[in-house]
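Work through the exercises below with the sequence and the 3D structure at hand. Each task is followed by a solution in steps.

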Amino acid sequence: MRKNHLKIIALSFALQIVLPGTGTQAVAQAGKAAYPAMASLDQYLISDDKIEIALARSAAPSSISDGAEVMVLGREGYTTAVKGTNGFLCIVERSWGQSTDQAEFWNPKMRAPHCFNAQAAKSFAPIYLMKTRLVLAGKSKAEIAQAIATALDKTEVPALEPGAMAYMMSKEQYLNDQGKSWHPHAMFFSPGDMTKSWAADDPHSPIMMANDPEERVTILFVLADKWSDGTASPSNMP
């Protein structure tokens, strides 16, 4: 099965990829040594808003992203740089899009362009935006995890809407130090386990899945054969 060759840990809106022949524990230990704490904020920022806007829009084909709202990261958090017209939200996630227990949670090189549809923009993206505010407030990983759990328990963040999904088709994505740029794909978010009904991870199925217990969601991945600009992705990618 595909999952025996490539294990995907999808946490929040970013991916941490463990390539064939690489032990999960070894990768985690290497990342832990490399990123024990948050780097200076400047390392996570993109100095030119125009560059960040373009990178965010590269998450989806221009037919979608040209009409999307675009948010960019500043010292006080994310703000809207471009107002949208089609309900989509394009954003470049940083490393804290992952679960707090991941080794590259503080990796300042990570850039993960997402383009959320309206349902995900309203009901899934708010968790990441909340995490960002906590990060910028100097909270620890333990404090961030607890705040997320409390917000979910008390329904302080919106319940996940049916049909919530996102595009991740940017050729410029940097998802982690092991995989960096992965397959272009679409993600579908479910509050329950959709593995069986979607036949995810079955032999030769184009659908993969991963659970994110911290954000209480199952993520289904449908791979694409082209990047957002229409060019073909390499067929020999892991």
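The exercises deal with a buried acid, a pocket, backbone angles and two residue pairs.

This is a predicted model, in which local features need pLDDT of at least 70, side-chain atom pairs count only at pLDDT 80 or more, and totals for chains, interfaces and linings use all residues. Residues are numbered from 1 along each chain as its sequence is written, and side-chain values use heavy atoms, with hydrogens and water left out.

**Exercise 1.** Locate Asp-212 and describe the surroundings of its side chain.

Solution. Step one: Asp-212 belongs to strand β9, residues 207-212 (strands are DSSP runs of E with at least two residues, helices runs of H or I with at least four, numbered from the N terminus). Step two: Asp-212 is buried, where buried means under 20% relative accessible area, exposed over 50%, and partly exposed in between, with a 1.4 Å probe and protein chains only. Step three: Asp-212 has no salt bridge (a side-chain nitrogen of Lys or Arg within 4 Å of a carboxyl oxygen of Asp or Glu). Lys-131, the nearest side chain of opposite charge, is 6.6 Å away. Step four: the Asp-212 side chain reaches the backbone nitrogen of Glu-215 at 3.3 Å.

**Exercise 2.** Describe the largest pocket and the residues that line it.

Solution. Step one: the largest pocket holds about 200 Å³ of space, a volume being the space filled by probe spheres set on grid points joined across faces, edges and corners. Step two: 13 residues line this pocket, and Leu-152, Pro-158, Ala-159, Leu-160 and Glu-215 are the closest to its centre. A pocket is an open set of points on a 1 Å grid over the protein atoms alone, where a 1.4 Å probe fits, with protein on both sides within 12 Å along at least five of seven lines; lining residues have an atom within 4 Å of a point. Step three: the lining has nine nonpolar, two polar and two charged residues.

**Exercise 3.** What are the phi values of Asp-201 and Arg-216, and where do these residues lie?

Solution. Step one: Asp-201, not a glycine, has a positive phi of about 70°. Asp-201 sits in the loop between α7 (195-198) and β9 and is buried at 9% relative accessible area. Step two: Arg-216, also not a glycine, has a positive phi of about 60°. Arg-216 is in the loop between β9 and β10 (217-223) and is partly exposed at 41%.

**Exercise 4.** How far apart are the C-alpha atoms of Ala-54 and Val-70, and those of Thr-231 and Lys-171?

Solution. Step one: Ala-54, in helix α2 (residues 49-57), is 16 residues from Val-70 along the chain, with 9.2 Å between their C-alpha atoms. Step two: Thr-231, in the segment after β10, is 60 residues from Lys-171 along the chain, with a C-alpha separation of 9.2 Å.

Conventions: Lys, Arg positive; Asp, Glu negative; His and termini not counted. Polar contact = N/O pair within 3.5 Å; in protein donor to acceptor, adjacent residues only side chain to side chain. Nonpolar A, V, L, I, M, F, W, Y, C, P; charged D, E, K, R; others polar.
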